[in-house]
Amino acid sequence: MGSQAGGTEGGNCPGATSEVGALLASARSALEPPVSPRCLQACGAAYARPFSAVAELLDNASHRSVAAELFCIDVVKLKGHLCLTFTDDGAGMTPHRLRHMLSCGFAEQTAKRDGPAGGLYGFKSSSMRLGKDAVVFTKTGGALSVGLLSQTYMDRVRAETVIIPLLTFNQQNKNLILTKDSASSLEAILEHTLFNTREELLAQFDAIPGKKGTHILIWNIHRNKDGKLELDFDTDEQDIRIAGFPADSGEIPCPEAEYSLRAYCSILYLKPRMQISLRRKKVNTQLIAKSLAHVEYDFYKPIFARKKAKITFGFTCKNKNHYGLMMYHNNRLIRSYKKVGCQRKGGGVGVIAVMECNFLNPARNKEGFEEEKVYW
């Protein structure tokens, strides 16, 4: 390879395909603890629902360390592959931060009481829940970095440990910044992604609006046991739905947010800090607490907390079959339409309550709370 760390070059890098996995694993063995590729499958199993995985990516972009103002979710077809794309206009990531995010040697943190974990936590679990392969493009204003997290790639090279090919380019002149494994990383990315030339690879950075931000592309999208796609991209061209759910006719006991990503994103945050676009159409936020009729307020004082929690409740103006407690934590929805009190016995039909439960700890996947057995 003959490259010097920290240098730049302008041409393509040759290399033997059969040696790529070994070269990358050897180059990083001293920096990252060896982790079996099976850990990526385990990461993908962390979320029961695919929308929870999407929500994790939204959390990362809206976190104060990223501070994105716009987050775009789309579906594209590249070289015959159906792909999910997630793009934000936030701060972007340095090469070190990108490697940290992609590497399995670092533990993913749970949400803390002062806000959801952000930036680089939860990405492995969320991306691998949605598909087998993900490539991340990010720019900071000075550097363009691309990293590959791919189960398919590691299967092909028969990797015994997780391998993360990663490249960085100078953002001004687009020259590759040379490191001891940049040549083998470039070869791996061009051979095992949907971009087979450096020009195709660099063109993906154009999807990021402005000088900073991140663009994530996920393909080999998750399929159910019957071999069919878990997500439905065809029923509504401006939405992504859970496959197999019928349209909401008003008689179905399942709320729309359970099977429509657009509906789910519209109630995900109590006070959104970031605009969300789904399939090139803005997601209109639904402020549930302000959409209720005959509104009343109450306060709940947990015995283990100092502050009281405000509860807003009233009658839904939409489908009376969709009711219950909407439980948020630090602005983020954790549990929705949870039947409580008399609702568990068939009463309180049509009543929705909204509560920010900052006195509880969300589970790692944010699909529930750690203390559920206690407060139920």
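**Exercises: cores, strands and cysteines**

Leu-201 touches Phe-137, Val-146, Leu-167, Phe-169, Leu-186, Ile-189, Leu-190 and Phe-195, leaving aside residues up to four places away in sequence. The model above is a predicted one, so keep that in mind as you work through the exercises.

**Exercise 1.** Place Leu-201 in its nonpolar core, and find out which helix gives that core its largest share.

*Solution.*
- Start with the core itself: the largest nonpolar core has 88 residues. Leu-201 is listed with Ile-73, Leu-84 and Phe-86 as the residues with the most contacts inside it.
- Next, look for the main contributor: helix H3 (residues 50-62) supplies the largest share of this core, 7 residues.
- Then check for a second core. Apart from the big one lies another, of 12 residues, and among them are Ala-309, Ile-311, Met-355 and Cys-357.

**Exercise 2.** Is Thr-138 buried or exposed, and what does its side chain reach?

*Solution.*
- Find the residue first: Thr-138 sits in strand S4 (residues 131-140).
- Now the accessibility: Thr-138 counts as buried because its relative accessibility is 0%, and the cut-off for buried is under 20%.
- Go on to the polar side: the side chain of Thr-138 comes to 2.8 Å from the backbone nitrogen of Met-93.
- Finish with the neighbours. Beyond four places in sequence, Thr-138 touches Gly-92, Met-93, Leu-98, Ala-143, Leu-144, Ser-145, Phe-205, Ile-208, Gly-213 and Thr-214.

**Exercise 3.** Work out which strands pair with S4, and in what sense.

*Solution.*
- On one pairing, S4 runs antiparallel to strand S8 (residues 212-221), with 9 bridges joining them. For a concrete pair, take Ala-134, whose bridge partner in S8 is Ile-218.
- On the other pairing, S4 and strand S5 (residues 143-150) share 7 bridges, again antiparallel. Here Lys-139 has Leu-144 of S5 as its bridge partner.
- Look at the turn as well: the S4-S5 hairpin has 2 residues between the strands, and Gly-141 in it takes a positive phi near 105°.
- Now follow S8 onwards. Strand S3 (residues 81-88) pairs antiparallel with S8 over 5 bridges, and Leu-84 has Ile-218 as its partner there. So Ile-218 turns up as bridge partner in S8 for Ala-134 and for Leu-84.
- Last, burial: 8 of the 10 residues of S4 are buried, so the rest of the structure largely encloses that strand. S8 is largely enclosed too, because 8 of its 10 residues are buried.

**Exercise 4.** In what order do the strands of the open 5-stranded sheet lie, and which are the edge strands?

*Solution.*
- Read off the order: S13-S14-S17-S15-S16, with mixed pairing.
- The edges are strand S13 (293-300) and strand S16 (332-338), since each pairs on one side only.
- From one strand to the next, the twist averages 15°.
- Zoom in on one pairing: strand S14 (residues 309-315) and strand S17 (residues 351-356) run antiparallel and are joined by 5 bridges. In it, Ile-311 stands opposite Met-355 of S17. Both residues also belong to the 12-residue core.

**Exercise 5.** How many disulfides does the model hold, and are Cys-254 and Cys-357 buried or exposed?

*Solution.*
- Recall what to look for: a disulfide is a covalent bond between the sulfur atoms of two cysteines.
- With a sulfur-to-sulfur cut-off of 2.5 Å, the count comes to 0 disulfides.
- For burial, Cys-254 has a relative accessible area of 17%, so it counts as buried. Cys-357 is buried as well, at 1% relative accessibility.

**Exercise 6.** Describe the surroundings of helix H7 and of Leu-40.

*Solution.*
- Helix H7 (residues 182-192) is mostly covered, with 10 of its 11 residues buried. The buried ones include Leu-186, Glu-187, Ile-189, Leu-190 and His-192. Leu-186, Ile-189 and Leu-190 also touch Leu-201.
- Leu-40 belongs to helix H2 (residues 38-44) and counts as buried at 0% relative accessibility.
- Past the four-place limit in sequence, Leu-40 touches Cys-104, Met-128, Leu-149, Gln-151 and Met-154.
- For a contrast between sequence and space, compare Leu-40 with Lys-132: they are 92 residues apart along the chain, and their C-alpha atoms are separated by 8.6 Å.

Key
Residues are numbered from 1 along each chain as its sequence is written. This is a predicted model: local features need pLDDT of at least 70, side-chain atom pairs count only at pLDDT 80 or more; totals for chains, interfaces and linings use all residues. Side-chain values use heavy atoms; hydrogens and water are left out. Helices (H or I, at least four residues) and strands (E, at least two) are DSSP runs, numbered from the N terminus. Buried means under 20% relative accessible area, exposed over 50%, partly exposed in between (1.4 Å probe, protein chains only). A polar contact is a pair of N or O atoms within 3.5 Å; within protein, one must be able to donate a hydrogen and the other to accept it, and residues adjacent in sequence count only if both atoms are side-chain atoms. Contact means heavy atoms within 4.5 Å. Two strands pair if DSSP finds at least two bridges between them. Axes are lines fitted to C-alpha atoms, for helices over the stretch in contact, and angles run from 0 to 180 degrees between N-to-C directions. A nonpolar core is a set of buried Ala, Val, Leu, Ile, Met, Phe, Trp, Tyr and Cys residues joined through side-chain atoms within 4.5 Å.
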